[in-house]
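Please open the structure in a viewer and keep the selection tool at hand. The tour below proceeds stop by stop, stating at each one what to select and what is found there.

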Amino acid sequence: MQDRISAVQSYLAGMPGSIGVVLDDRTTGAVWRSASAAAEYPAASTIKLAMMTDLLQRNAAGTIHLTSTDMEEMYQALYTSDDDDADDLWYKYEDASFMDRVQAFGMTSTHFTTAPYWGDVDTTAEDLDNLMNYVLTRAPASVRDYLVYRLQHVSALDQQWGVWGAGAENQPGNKDGWEWDTPDIWITNTVGFAGPDQRYTLAIMYNLEGYDGSSGPTGFNYGINQLSQIASLLFQGHSTSQPTALPSAVP
């Protein structure tokens, strides 16, 4: 793996913008962090994973009671990253106290940027990696099993990029997110796992600012490709085909 990390370091050196990467080997305990692993970026839809973890744990503890409608909305918020379904769950069950609860997930640098709302959150690649490790190692088994399955079965239309670049043989799962901040900033993020029994966790956050063409779909497509190539270099040892996704469909 060290040779592959070295290849990624060389790859990162040629990329525009700012990128934070954390790779965690849950078997050996080895962790590799890029120079910007602790830099704060807009979380975009990756924070939905934290929200669903919180809701599922509270449901398991009996402090809230998720309905069949709630579960369908949770499915869509993870499968297609649907914003409307995430909003429904947020306004029904969440408030400013959400940020207190995610501290237990290891998200100690995560914070609201304005009003308490899932779409107004900054976080770091380190925090996202901590969240993924929390789900895999400390969440109740029912919560872990549900989220692992859901992340391994995201929509082929618009969610199979980023950690998904690890390749089918590595059984990846991911939660992706993106954000366009006018006039010329594209944020593309991914967090997930790959390898036998989810051996590795990977979080990548990419702020592509000032890139030529970033005011349109080119910036989005460039970002998701770069994240996918990093995952492929790490887990397959080579580059992969460019993923396709529709920025209008990916929250």
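Before the first selection, please note that this is a predicted model.

**Stop one: helix 2 and helix 6**

Begin by selecting residues 47-61, which form helix 2, together with residues 125-137, which form helix 6. The axes of these two helices come within 10 Å and cross at roughly 30 degrees. Angles under 35 degrees count as roughly parallel, and helix 2 and helix 6 are therefore roughly parallel to each other. Helix 2 passes helix 6 in a left-handed crossing.

Which residues meet where helix 2 faces helix 6? On the side of helix 2, select L49, A50, T53 and Q57; on the side of helix 6, select L131, M132, Y134 and V135. Sorted by class, this contact of helix 2 with helix 6 comprises six nonpolar residues, two polar residues and no charged ones.

**Stop two: helix 2 and helix 3**

Keep helix 2 selected and add helix 3, residues 68-79. Here the packing angle is about 155 degrees, and the axes lie 10 Å apart. Since angles over 145 degrees count as roughly antiparallel, helix 2 is roughly antiparallel to helix 3. The crossing of helix 2 and helix 3 is left-handed.

To display the contact, select K48, M52, L55 and L56 in helix 2, which meet M71, M74, A77 and L78 in helix 3. The residues of this contact between helix 2 and helix 3 divide into seven nonpolar, no polar and one charged.

**Stop three: a salt bridge from helix 2**

Side chains of opposite charge can pair when their charged atoms come close. The structure holds nine salt bridges. For one of them, select R101 and D54, whose closest N and O atoms are 2.9 Å apart. This pair links distant parts of the chain: R101 belongs to helix 5 (residues 98-102) and D54 to helix 2, 47 residues apart.

**Stop four: the sheet of three strands**

Next, select strands 3, 5 and 4, which form an open sheet in that order with antiparallel pairing. Strand 3 (41-42) and strand 4 (111-112) stand at the edges, each with a single partner strand, so one side of each has no neighbour in the sheet. Strand 3 is joined to strand 5 (residues 121-123) by two bridges. To see a bridge pair, select Y41 and its partner T123 in strand 5.

**Stop five: the sheet of five strands**

Now turn to the other open sheet, in which five strands follow the order 2-1-8-7-6 and pair in antiparallel fashion. Which strands stand at its edges? They are strand 2 (31-33) and strand 6; each has a single partner strand, so one side of each is left without a neighbour in the sheet. Direction ignored, neighbouring strands of this sheet are turned by 5 degrees against each other on average.

Within this sheet, select strand 6 (residues 173-181) and strand 7 (residues 185-194), which run antiparallel and are joined by nine bridges. A hairpin of three residues connects strand 6 to strand 7. Among the residues to highlight is D176, whose bridge partner in strand 7 is T190.

**Final stop: helix 6 across the sheet**

Finally, select helix 6 again, now with strand 1 (18-25), strand 2, strand 7 and strand 8 (200-209). Helix 6 lies across these strands and runs at about 155 degrees to strand 8. The helix visited at the first stop, where its axis came within 10 Å of that of helix 2, thus also serves as the last selection of the tour.

Conventions
Residues numbered from 1 in each chain as written. Predicted model: local features only at pLDDT ≥ 70, side-chain atom pairs only at ≥ 80, totals over all residues. Heavy atoms only, no water. Axes fitted to C-alpha atoms, helices over the stretch in contact; angles between N-to-C directions. Helix = DSSP H or I, 4+ residues; strand = E, 2+ residues; numbered from the N terminus. Parallel < 35°, antiparallel > 145°, perpendicular 65-115°, else oblique. Left-handed = near helix turned anticlockwise from the far one by under 90°. Contact = heavy atoms within 4.5 Å. Nonpolar A, V, L, I, M, F, W, Y, C, P; charged D, E, K, R; others polar. Pairing = 2+ DSSP bridges. Salt bridge = Lys/Arg side-chain N within 4 Å of Asp/Glu carboxyl O.
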